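Thanks for coming, everyone. I'll keep this short. Please look at the screen.

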Amino acid sequence: MDSVDKLSSYIAGLTFEDLPAETVENAKRLFLDLYSCSIAGAGAEAVPELVELARDWGGKDEATLLVTGGKVP
C-alpha cells in the first residue's frame, strides 16, 4: 500500500468525532471569514461586470455565485 492509499484509507475512515475540537473551531472561523468576505466584497465596484462576464462564458453551469445568486461555468 503506497502513501496515497494509506492517506485515502485514513481519511475515508474519519468521522466528525475523530476531529480535534481545535480543528473544528478553526474550520468554523475560516468558513465565517470566507462568507463575511464574500458578502462584503459583493458590493465592490467591478463585481457586476465580473458576474456578467462569467455568465457570458458559456459552458456547463457548475459554480454557484454565493451572493449574487445563480450558477456559472
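I'll go from the overall fold to the core, and then to a few single residues.

First, a reminder: this is a predicted model.

Let's start with the layout. The chain has 3 helices and 2 strands. In sequence order, the pattern is α-α-α-β-β. The radius of gyration is 18 Å, and the globule rule gives 11 Å for 73 residues, so the chain is more spread out than a compact globule. You can look at the dimensions too. The C-alpha trace spans about 50 × 30 × 15 Å along its principal axes.

Next, contacts. Take the contacts in the chain with a separation of 6 or more. Of these, 14% join residues that are 24 or more positions apart.

Now the surface. How much accessible surface does the chain have? It comes to about 6000 Å². Carbon and sulfur atoms account for 62% of that surface.

On to charge. The chain carries 6 positive and 13 negative charges. The mean positions of these two sets are 4 Å apart.

What about the inside? Buried residues make up 8% of the 73 residues. As background, nonpolar side chains tend to be buried together in soluble globular proteins. Which residues form the largest nonpolar core here? There are 5: Val47, Val51, Ala54, Leu65 and Val72. Helix 3, residues 47-56, gives the most to this core, with 3 residues.

Stay with Val47 for a moment. Leave aside its neighbours within four places in sequence. Val47 is then in contact with Gly41 and Ala42.

That brings us to Gly41. This residue is found in helix 2. Is Gly41 buried, partly exposed or exposed? Its relative accessible area is 31%, so Gly41 is partly exposed. Now compare sequence and space. Gly41 and Val67 are 26 residues apart along the chain, and their C-alpha atoms are separated by 9.2 Å.

Helix 2, residues 21-41, also holds Cys37. For the bench people, how accessible is that cysteine? Cys37 has 47% relative accessibility, so it counts as partly exposed; the exposed class begins over 50%. Where is Cys37 relative to Asp5? The two are 32 residues apart in sequence and 36 Å apart in space, C-alpha to C-alpha.

One last residue, Glu45. It lies in the loop between helix 2 and helix 3. Glu45 has 79% relative accessibility, so it counts as exposed. From Glu45 to Gly59 is 14 residues in sequence and 26 Å in space, C-alpha to C-alpha.

To wrap up, here are two points to keep. The chain is more spread out than a compact globule. Its largest nonpolar core has 5 residues, with helix 3 giving the most.

How values were computed
Residues numbered from 1 in each chain as written. Predicted model: local features only at pLDDT ≥ 70, side-chain atom pairs only at ≥ 80, totals over all residues. Heavy atoms only, no water. Helix = DSSP H or I, 4+ residues; strand = E, 2+ residues; numbered from the N terminus. Rg over C-alpha atoms; globule rule 2.2 N^0.38 Å. Buried < 20%, exposed > 50% of the residue type's maximum accessible area, 1.4 Å probe, protein only. Contact = heavy atoms within 4.5 Å. Areas by Shrake-Rupley, 256 points an atom, 1.4 Å probe, with all protein chains shown as cover. Lys, Arg positive; Asp, Glu negative; His and termini not counted. Charge placed at Lys NZ, Arg CZ, Asp CG, Glu CD. Core = buried A, V, L, I, M, F, W, Y, C linked by side-chain atoms within 4.5 Å.
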